[in-house]
Amino acid sequence: MVRIAGERIADLFALAESESARPHPELANRYVVLARKIGMRYNVRLLPEYRELYCRRCSAFWVEGRNVRTRLRAGVRVRTCLACGRERRTRLHPSRSPATQSLPAGPSPVSRDEASVAEVELDSPEEQDEDEESEEG
Ligand SMILES: [Zn+2]
């Protein structure tokens, strides 16, 4: 059952991604909500690469340049959800890619392969929102 839930979550994120390219990305957010609910119901943790893709507060499926802003400061990546304003901080692994640290000041500070960056979550302490937060159905 857990394995099926995992596959279903993967499907939903794939759908969300394809839907986010369309004129009505609200459906993408809906898929994120469903995926999170499945994760909660079957106590399946969403993979780190999926957890990067959406807002923990409003479940918006993040599309760079549309509803999320990513900034890098001092080895910390700060992603701000433009839908609800929630910030998500992730510390980037310092030894991972030395090339990005000596980047010339260009217009696009966001590294392309950010999904593969090893990281530590630094969510703000006032809100411990785990994906497993209990939700009675
Ligand atoms: Zn949000």
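Leu72 counts as partly exposed in this predicted model, because 17 C-beta neighbours lie inside 10 Å, and a residue is buried only if 20 or more other C-beta atoms lie within that distance. Leu72 belongs to strand β1 and stands opposite Arg77 in β2. Arg91 is 19 residues away from Leu72 along the chain, and the C-alpha atoms of the two are separated by 9.4 Å.

**The strands around Leu72**

Strand β1 covers residues 68-73 and runs antiparallel to strand β2, residues 76-81. Six bridges join the two. Besides the pair that includes Leu72, Val68 has Cys81 in β2 as its bridge partner. Strand β2 also pairs with strand β3, residues 87-92, again in the antiparallel sense. Here there are five bridges, and Thr80 stands opposite Glu87 in β3.

The two hairpins can be set side by side.

| Hairpin | Residues between the strands | Residue with positive phi | Phi |
|---|---|---|---|
| β1 and β2 | two residues | Ala74 | near 45° |
| β2 and β3 | five residues | Gly85 | near 90° |

Which side chains of β2 point to the buried face? Arg77, Arg79 and Cys81 point to one face and are buried. Val76, Val78 and Thr80 point to the other face and are not buried. In a regular strand the side chains alternate between the two faces of the sheet. Arg77, the residue opposite Leu72, is thus on the buried face of β2, whereas Thr80, opposite Glu87, points to the other face.

**The helix pair**

Helices α1 and α2 have axes that come within 8 Å and cross at roughly 165°. An angle over 145 degrees counts as roughly antiparallel, and α1 and α2 are therefore roughly antiparallel to each other. The crossing of α1 past α2 is left-handed. On the α1 side, the residues that meet α2 include Ile9, Leu12, Phe13 and Ala16, along with Arg8 and Glu19. On the α2 side, the residues that meet α1 include Leu27, Tyr31, Val32, Ala35 and Ile38.

**The nonpolar core**

The largest nonpolar core has 18 residues. Those that touch the most other members are Ile9, Phe13, Ala16, Val32, Ala35, Tyr54 and Phe61. Two or more residues of this core come from each of α1 (2-20) and α2 (26-41). Several core residues also take part in the helix pair: Ile9, Phe13 and Ala16 are among those of α1 that meet α2, and Val32 and Ala35 are among those of α2 that meet α1.

What does Tyr54 contact, leaving aside its neighbours within four places in sequence? Its contacts are Val32, Ser59, Ala60, Phe61 and Trp62. Val32 and Phe61 are, like Tyr54, among the core residues that touch the most other members.

**The whole chain**

The protein has four helices and four strands. From the N terminus on, the elements run α-α-α-β-β-β-α-β. Of the 137 residues, 21% are buried. Among contacts between residues at least 6 apart in sequence, 56% join residues at least 24 apart.

Conventions: Residues are numbered from 1 along each chain as its sequence is written. This is a predicted model: local features need pLDDT of at least 70, side-chain atom pairs count only at pLDDT 80 or more; totals for chains, interfaces and linings use all residues. A nonpolar core is a set of buried Ala, Val, Leu, Ile, Met, Phe, Trp, Tyr and Cys residues joined through C-beta atoms within 7 Å. A residue is buried if 20 or more other C-beta atoms lie within 10 Å of its own, exposed if 12 or fewer, and partly exposed in between; C-beta atoms are placed from the backbone. Two residues are in contact if their C-beta atoms, placed from the backbone, lie within 7 Å. Two strands pair if DSSP finds at least two bridges between them. Axes are lines fitted to C-alpha atoms, for helices over the stretch in contact, and angles run from 0 to 180 degrees between N-to-C directions. Angles under 35 degrees count as roughly parallel, over 145 as roughly antiparallel, 65 to 115 as roughly perpendicular and the rest as oblique. A crossing is left-handed if the near helix is turned anticlockwise from the far one by less than a right angle, and right-handed if clockwise.
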